[in-house]
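User: I am new to this structure and would be grateful for a close look at a single part of it. Please describe that part in a connected way, and then place it in its surroundings.

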Amino acid sequence: MRQFLTFVRKEFYHVFRDPKTMLLLFGMPIAQIILFGFALTNEIKNSTIVVCDYSNDIATHRIIDKLKFSKNFDIQKKILSHREIEDAFKTGTIKLAIVFPNNFNDDLHHLNKAQVQIIADASDPNTASTLTAYASNIIMDYQRELLNINSIPLQIKTDVRMIYNPELKGVYNFVPGVMALVLLLVCVLMTSVSIVREKEMGTMEILLVSPFNPILVILSKAVPYFFLSLVNLTIILILSTTLMGMPINGSIPLLYFESSLLILCALSLGLLISNITDSQQAAMLISLMGMLLPTMMFTGFMFPLENMPMPLQIIANAIPSKWYYITVKSIMIKGLGISAIWKETLILAGMTLFLLAVSIKKFKIRLA
Amino acid sequence: MPDVVLNNIVKTYNKGEIKAVDDVSFSVKDGELFGLIGPDGAGKTSIFRILTTLLLPDSGTATVNGFDIVKEYKSIRKKVGYMPGKFSLYQDLTVEENLNFFATVFDTTIKENYDLIRDIYVQIEPFKDRRAGKLSGGMKQKLALCCALIHRPKVLFLDEPTTGVDTVSRKEFWEMLKRLKQQGITILVSTPYMDEATLCERIALIQNGKIMSIDTPQNIVKQFPEKLFAIKSNSMSRLLHDLRNNRHVKSCFAFGEYHHITFENNSETESNQLIQDLHLQNHKEITLKHINPTIEDCFINLMN
């Protein structure tokens, strides 16, 4: 045990004394989350929208004027039928359409409530949700104005419709995606490089010619990166909740548990890579290429898996981050518990066990 | 049973294309200082790695401290100290941290075996808070030796410990080895420097994976078959050429400020004839003297 602890301490020395490692370990996640954070929260200006005004009365004109004055919208033209709206969406010239039904003003003043429909092109879910939020804010603003004049509260009901991607999968796609990406990249890269470095420096030779159990070499390599990754995860979570308003609706311990599973999975993968390579560059290349691309492609946060051809969907099943991504979304956004995600958890755990077993079995107790 | 025994060890690389160790057998006695002498690429490192259980031989058997290198590798790893040819400590850890780390890896403490490394460690102790990567070559070697000794090994394997180390440090290093030998540690050391061979008790001359001769340095020198002469003149490069073309000269090698030569018939009369020939070829200030061969002379002789 004393040996093990000394080894772990040595690994921490390696990390803290190498500025490059520190930068990679903590700089990259922060940079990524901030980058994606701004991509997500960036204001959208001058989006082209259309208004379909069946009512054409004083209330609708007032709202349309308000929309015009907003710097976010650029009202292209007023059209008069649903058919035209659909055509405009299909050509991709507009992002949003607002439809006022007949007798909008009458309904508002006589029935005390009226409806307005907002239709958004949700194939780009981030833009769609931002724009609908802007539009409904403006309409709510008008409602508040009316409240100042009238004593009876008048209600405008906005009916938001997302077309092309009605479930709006992708609103909070980035944070869980970046979490998977960062944890995988950092862990795989760090472990593989740190073991290969021992080979390259020749220290592995001495370690092998010692009573130290090779399995302990592996484990003591994994421990520091496991804890550093948890620190990383905490940074990501703090940044994404404060910077991007990402909710954590589910249990935080469960989130950490699932993340630990992914970290272990990544560490085992890193060990496996370090077994088959002899230079730090090769280890780095394999980790980057072998991790970055599949994670980006097949996790589902960049490209929806449902839209992929069948063979690619099958390949995606072999990517650990896909399962992690599902569990994280379920926990953070839907607030679900373990009962809803036990299947994904089990798959992830299975992958981890498999990779760990293979990498320990493949660990070379000799040089060649 | 001798501490190290090799029987017909063969090791090839690239699926048999390169023969690194070719049917090597020798043994090292308890407490002996044994030298493996040969140029780069002779197979010294391969032999060391086989004995330290880092590589498996293609064929042949070997034991270290009575344990089989294949089946009982775990026992060997507890008993031996190994210092690879390349400086192999953690460059980003300090001297003290390195030593502490290796002491712990071998399940011991610096204190426990301090008497063994004291002579060496006091020399690097003033730098104990310095990172190992920032040490000079000689210091690095001393630190590496300390780390290899920290668990009081039975057998010590030193792979080219003096390569890239200055002359003074080299001399000091060999003195340290002699002191370690007195502690009863069996030492197997390899070196490409022939002048270090005489500092070993017994040596094996190795070339292209084959052992050419194993004996004490004195005996190897004695076995030199011919009389050896050293010769110099005012124009050494021309002299080398002329000597090699001379009918009396059997072999001729440049050797520092002299050329070393042997004669065809090993007779004194030839030396006079040679000097006459050289005078005719306009060589001036010729000195010719009979000398005792060195290990390097023996090595060159064996190579041919």
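Analyst:
**Strand β11 of chain B and its surroundings**

In this predicted model, strand β11 (residues 228–232) of chain B pairs with strand β14 (residues 287–291) of chain B over five bridges, in the antiparallel sense. One point along this pairing can be located by residue: Leu288(B) in β14(B) is the residue that stands opposite Ile231(B). A second pairing links β11(B) to β13(B), again antiparallel, and three bridges join the two. Here Ala230(B) has His260(B), in β13(B), as its bridge partner. Strands of a sheet pair through backbone hydrogen bonds, either parallel or antiparallel.

The loop that leads into β13 deserves attention as well. Glu257(B) is found in the loop between β12 (249–255) and β13 (258–263) of chain B. Is Glu257(B) buried or exposed? Glu257(B) is exposed, because 8 other C-beta atoms lie within 10 Å, and a residue counts as exposed if that number is 12 or fewer. Glu257(B) also has a relation to Lys232(B): the two are 25 residues apart in sequence, and their C-alpha atoms are 7.2 Å apart in space.

The wider setting is given by the division of chain B into domain 1 (4–218) and domain 2 (228–303). The C-alpha centres of domain 1 of chain B and domain 2 of chain B are separated by 38 Å. Where the two touch, nine residues come from domain 1 of chain B and six residues from domain 2 of chain B. On the side of domain 1 of chain B that touches domain 2 of chain B, the elements giving two or more residues are β9 (202–207) and β10 (210–215) of chain B. That side, sorted by class, holds six nonpolar residues, three polar residues and no charged residues.

Elsewhere in chain B there is a further sheet. Four strands form this open sheet, in the order β2-β1-β4-β5 (chain B), with antiparallel pairing. Its edge strands are β2 (18–28) and β5 (67–68) of chain B, each of which pairs on one side only. At one of these edges, two bridges join β5(B) to strand β4 (residues 59–64) of chain B, and the two run antiparallel. Within that pair, Phe67(B) in β5(B) is the bridge partner of Val64(B).

Chain B also meets chain A. The contact between them draws 23 residues from chain B and 22 residues from chain A. On the chain B side, the elements that give two or more residues are α2 (73–79), β6 (80–83) and α3 (95–105) of chain B. The largest share of that side, four residues, belongs to α3(B). By class, the side of chain B that touches chain A comprises twelve nonpolar, four polar and seven charged residues.

The partner, chain A, has 14 helices and five strands. Of its 368 residues, 39% count as buried. Among contacts in chain A between residues at least 6 apart in sequence, 81% join residues at least 24 apart. The average pLDDT of chain A is 81, and 90% of the residues score at least 70. Confidence in chain A is lowest in strand β2 (residues 73–79) of chain A, with a mean of 73, and highest in helix α10 (residues 252–276) of chain A, at 91. Where pLDDT is low, the predicted coordinates should not be read in detail.

Methods: Residues are numbered from 1 along each chain as its sequence is written. Chains are lettered from A and ligands numbered from 1 in the order in which they are written. This is a predicted model: local features need pLDDT of at least 70, side-chain atom pairs count only at pLDDT 80 or more; totals for chains, interfaces and linings use all residues. A residue is buried if 20 or more other C-beta atoms lie within 10 Å of its own, exposed if 12 or fewer, and partly exposed in between; C-beta atoms are placed from the backbone. Two strands pair if DSSP finds at least two bridges between them. Two residues are in contact if their C-beta atoms, placed from the backbone, lie within 7 Å. pLDDT is the predictor's confidence in each residue, from 0 to 100. Ala, Val, Leu, Ile, Met, Phe, Trp, Tyr, Cys and Pro count as nonpolar, Asp, Glu, Lys and Arg as charged, and the others, Gly among them, as polar. Domain bounds come from an automatic or database domain assignment.
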